[in-house]
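Student: I'm new to this structure and would like a close look at one part of it. Could you walk me through the sheet and the cysteines around it?

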Amino acid sequence: MPFRSDCSIAPRPPIVTRPPLTRAKGETLIRQADKLLCESWNERMWADGGPIDPSPTVDQGINGGYAWLEIECSRCKTRRDVDLAALRHPPTTFVHDLASRLRCSKCGKAGRRPSATLLQLASRSRQAAPEI
């Protein structure tokens, strides 16, 4: 069948021209999905007693309202809260990958470099203590 030039299909409007209300609804749904992902990961962590792979990324945690990571030094058992927004890691880093990268500053002063144990993602800091 030959191509007919008089027949055309109207293109759909691009995403950027869609109403702001639709965009806001989409962002709300993404935020809710990120929050549920963080809550689910915390539940699996508590049930299994250790870091679970896969985990949310740093930016998913922040977007879901879980901007703090509670950790514990594997040597001295000091608990600290780490602000995910203040980390120097890419926002696409998985939270479970941070366990091998975070070190205890208290033990570091004594010349040791034990890794941290992840406890949970938190929506706010438990204390105003220095970060690991």
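Tutor: Here is a walk through the sheet, followed by its cysteines. Keep in mind that this is a predicted model.

Start with the strands. There are three of them, and they make an open sheet in the order S2-S1-S3, with antiparallel pairing. Strand S2, residues 79–83, and strand S3, residues 116–122, sit at the edges, each pairing on one side only. Going from one strand to the next, the twist averages 30°.

Now look at how S1 and S3 are held side by side. S1 covers residues 68–73, and six bridges join it to S3, the two running antiparallel. One residue to pick out here is Cys-73, whose bridge partner in S3 is Ala-116.

That brings us to the cysteines. You might wonder how many disulfides there are: the count comes to zero. Take Cys-73: the nearest cysteine sulfur belongs to Cys-76 and is 3.6 Å away. A disulfide needs the two sulfur atoms within 2.5 Å, so that pair doesn't make the cut. Cys-73 is also buried, with a relative accessible area of 1%.

Cys-107 has its own entry in this story. Its nearest cysteine sulfur is that of Cys-76, 3.6 Å away, and Cys-107 is in no disulfide either. As for exposure, Cys-107 is buried, at a relative accessible area of 2%.

To put the strand and the cysteine together: Cys-73 pairs with Ala-116 across to S3, is buried, and takes part in no disulfide.

Definitions and conventions: Residues numbered from 1 in each chain as written. Predicted model: local features only at pLDDT ≥ 70, side-chain atom pairs only at ≥ 80, totals over all residues. Heavy atoms only, no water. Pairing = 2+ DSSP bridges. Helix = DSSP H or I, 4+ residues; strand = E, 2+ residues; numbered from the N terminus. Axes fitted to C-alpha atoms, helices over the stretch in contact; angles between N-to-C directions. Buried < 20%, exposed > 50% of the residue type's maximum accessible area, 1.4 Å probe, protein only.
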